[in-house]
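These are my notebook entries on a single protein chain. I record below what I looked up, entry by entry.

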Amino acid sequence: MIGFYNYTVILTYLGTVSGFVGLTFAFNDNPLAALICLIFAGLCDMFDGKVASTKKRTQKEKRFGIQIDSLSDVICFGVLPAAIVYQAAEKALWAIPVCAFYMLCALIRLAFYNVDEEDRQEEEGDEARKVYLGLPVTSSALLIPLFMGLGALLNIHYWINLPMN
């Protein structure tokens, strides 16, 4: 298995595994466990950059870190939230295009970020990014559990399962 296996990417790998485990929970009708996995993946993502910055890395290691982080984010904050919402919507037909659209938005945003980050590093060097464009996909690790938790506490049923015959 080619790649980099040092402590700078361990949190990213743990978050990705959490995303996969969350997918298995979502598709086995265990939304609470899936939400916990989403939150854990969000925590891993929150700190992976800080951990990575503690080690002097080669340019190849840095580029790998950017790519692996975004690939992990597609799984954890693109596919997993879509699966959770699809299951929460009781597999309603309308949820398929809604969740697919969200997942594509996450994918496109992450690809754009990677291209933008490569350009920025060529121009500015290794200096830390000061401004981000758009809403990070990792915000789904906060927003989806928040809305679903509030819905459960307030006994609000968000999903309307429209018959689509």
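Before any volume is quoted, I note what a pocket is here: an open set of grid points with protein on both sides within 12 Å along at least five of seven lines. I also note that the model is predicted.

**Entry 1. Overall fold**

I first looked up the secondary structure and found five helices and zero strands in the protein chain. The order from the N terminus is accordingly α-α-α-α-α. I then took the extent of the C-alpha trace, which spans about 55 × 30 × 25 Å along its principal axes. The chain has 165 residues, and 39% of them count as buried. For contacts between residues at least 6 apart in sequence, I noted that 78% join residues at least 24 apart.

**Entry 2. The largest pocket**

I looked up the volume of the largest pocket and recorded about 1200 Å³. Its lining comprises 38 residues, and those nearest the centre are Asp 48, Gly 49, Asp 69, Tyr 113 and Tyr 132. Which helices each supply at least two residues of this lining? I listed α2 (31–52), α3, α4 (95–124) and α5 (140–153). The largest share comes from α2, with nine residues. By class, I entered 15 nonpolar, nine polar and 14 charged residues for the lining of the largest pocket.

**Entry 3. The second largest pocket**

For the second largest pocket I recorded a volume of about 370 Å³. It is lined by 20 residues, with Pro 81, Tyr 102, Ser 140, Leu 143 and Ile 144 closest to the centre. Two or more lining residues come from each of α3, α4 and α5. I noted α4 as the element that gives the most, with six residues. The lining of this second largest pocket has 17 nonpolar residues, two polar and one charged.

**Entry 4. The cavity**

I next searched for enclosed space and found one cavity of 30 Å³ or more. The largest cavity has a volume of about 40 Å³. Its lining is made up of Leu 11, Thr 12, Gly 15, Ala 41, Cys 44, Asp 45, Asp 48, Asp 69, Ser 72, Asp 73, Cys 76 and Phe 77. The helices α1, α2 and α3 each give two or more of these residues, and α3 gives the most, with five. I classed the lining of the largest cavity as five nonpolar, three polar and four charged residues. Asp 48 and Asp 69 line this cavity, and I had already entered both among the residues nearest the centre of the largest pocket.

**Entry 5. Cysteines**

How many disulfides does the structure hold? I found zero. Cys 76 is in no disulfide, and the nearest cysteine sulfur, that of Cys 44, lies 8.2 Å away. Since a disulfide requires sulfur atoms within 2.5 Å, I regard that entry as settled. Cys 99 is likewise in no disulfide, with the nearest cysteine sulfur, that of Cys 105, 12 Å away. I then asked whether Cys 76 is buried or exposed. Its relative accessibility is 1%, so Cys 76 counts as buried. Cys 99 is also buried, with a relative accessible area of 8%.

**Entry 6. Aromatic pairs**

I searched the whole structure for aromatic pairs and obtained two. The rings of Phe 4 and Phe 64 have centres 5.0 Å apart and planes at 65°, so I entered this pair as edge-to-face. The pair links distant parts of the chain, 60 residues apart: Phe 4 lies in the segment before α1 (10–27), and Phe 64 in helix α3 (residues 59–88). I recorded Phe 4 as partly exposed, with a relative accessible area of 22%. Phe 64, at 23% relative accessibility, also counts as partly exposed. Tyr 5 and Tyr 13 form a tilted pair, 6.2 Å centre to centre with 50° between the planes. For Tyr 13 I noted a relative accessibility of 23%, which counts as partly exposed.

**Entry 7. Ser 18**

Last, I looked up Ser 18, which has its place in helix α1. Its relative accessibility is 8%, so Ser 18 counts as buried. Which residues does Ser 18 touch, not counting those up to four places away in sequence? I listed Cys 37, Phe 40 and Ala 41. Of these, I had already entered Ala 41 in the lining of the largest cavity.

Note on methods. Residues are numbered from 1 along each chain as its sequence is written. This is a predicted model: local features need pLDDT of at least 70, side-chain atom pairs count only at pLDDT 80 or more; totals for chains, interfaces and linings use all residues. Side-chain values use heavy atoms; hydrogens and water are left out. Buried means under 20% relative accessible area, exposed over 50%, partly exposed in between (1.4 Å probe, protein chains only). Rings of Phe, Tyr and Trp (its six-membered ring) pair if their centres lie within 6.5 Å; planes under 30 degrees apart count as stacked, over 60 as edge-to-face and the rest as tilted. Helices (H or I, at least four residues) and strands (E, at least two) are DSSP runs, numbered from the N terminus. On a 1 Å grid over the protein atoms alone, a cavity is a set of points where a 1.4 Å probe fits but cannot get out, and a pocket is an open set with protein on both sides within 12 Å along at least five of seven lines; lining residues have an atom within 4 Å of a point. Grid points are joined across faces, edges and corners, and a volume is the space filled by probe spheres set on the points. Ala, Val, Leu, Ile, Met, Phe, Trp, Tyr, Cys and Pro count as nonpolar, Asp, Glu, Lys and Arg as charged, and the others, Gly among them, as polar. Contact means heavy atoms within 4.5 Å.
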